[in-house]
Amino acid sequence: MAEKKREIWKGFFVLEGMDGSGTTTQLELCRTRAQQENLALDCEAEPTTGAIGTLLRRFLRRELEGSAQTLAWLFAADRQEHLFARSGIQHRLTEGRKILTDRYWFSSMAYQSLDLSWDQVWALQATFPLPEAIFFLDVDTQTAAERRDQRALAEELFEKAPLQERIRSGYHLVWEQLQRESPDSEIIIIDGRKPKPEIHSEIWERLCR
Ligand code: TYD
């Protein structure tokens, strides 16, 4: 049976990158700018602040322990709610709002495939649509590690240095597979070492196009 073509949702945008790549900073810059310019843009993140996302954060902080499979299902369940809950992304897009999310199913590919098979994780994402564009903040693992150190927060589950190189190559594999599966997908790879305002301008211009 032929696979169903993945939908592309207009007005929906995604920021992706390794821990320390600057996605959270860019999300906040867009949030502030949207307020200043009165743009109907919702800036949010996965794991979400909903019930499943909150539970997930406890696993990430290592307060709870669970198998890799359980985590993969939880990330997918959190995403399902993020997209399809009553006031989820789908609903808000129909109201004419734009949405920018810090992480989406591409994070599951890069991170959950550290412990599970690639195809298994890909299959879990089969029903999730594509955003209008993906911004990938690409940084080398050294830069990302230095930035995480500067934050001086407790190290989360996936933040160990040796994992980060694998996560980075995981991302590049996702973009390759995505381009084959959905040639219409727009993946914007940005050098994450560029000055923050420059990166912000690039993202903002695309968001407002
Ligand atoms: P992150 O946005 O980096 O949170 P914080 O800014 O609080 O550190 O995301 C938390 C972690 O969750 C990060 O290490 C990546 C991981 N993650 C997955 O493993 N799979 C997923 O599907 C998502 C969305 C995140």
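A molecule sits in a pocket if more than half of its atoms lie within 2 Å of the pocket's grid points. In this predicted model, the ligand meets that test in the largest pocket. Three helices each give two or more residues to the shell around the ligand: H2 (51-60), H3 (68-84) and H5 (105-112). Helix H5 supplies the largest share, four residues.

Now look at the shell itself. It holds 15 residues. Asp19, Arg57, Arg79, Ser108 and Gln112 are the closest to the ligand. By class, seven residues of the shell are charged, four are polar and four are nonpolar.

Some contacts can be followed atom by atom. The side chain of Gln112 places an N or O atom 2.7 Å from a nitrogen atom of the ligand. The side chain of Arg57 has an N or O atom 3.1 Å from a ligand oxygen. For Arg103, a polar side-chain atom lies 3.1 Å from an oxygen atom of the ligand. On its own, the ligand has 550 Å² of accessible area, and the protein covers 89% of it.

Step back to the whole pocket. Its volume is about 1,000 Å³. The lining has 46 residues, and Asp19, Gly20, Thr24, Arg151 and Glu159 are the closest to the centre. Helices that give two or more residues to this lining include H1 (23-36), H7 (141-151) and H9 (196-208). The lining divides into 18 nonpolar, 16 charged and twelve polar residues.

The second largest pocket has a volume of about 300 Å³. It is lined by 14 residues, with Lys4, Lys5, Arg6, Ala126 and Thr127 the closest to its centre. Seven of its lining residues are nonpolar, six are charged and one is polar.

Note on methods:
Residues numbered from 1 in each chain as written. Predicted model: local features only at pLDDT ≥ 70, side-chain atom pairs only at ≥ 80, totals over all residues. Heavy atoms only, no water. Near = heavy atom within 4 Å. Polar contact = N/O pair within 3.5 Å; in protein donor to acceptor, adjacent residues only side chain to side chain. Areas by Shrake-Rupley, 256 points an atom, 1.4 Å probe, with all protein chains shown as cover. 1 Å grid on protein atoms, 1.4 Å probe; cavity = no way out; pocket = protein on both sides within 12 Å on 5 of 7 lines; lining within 4 Å. Nonpolar A, V, L, I, M, F, W, Y, C, P; charged D, E, K, R; others polar. Points joined across faces, edges and corners; volume = space filled by probe spheres on them.
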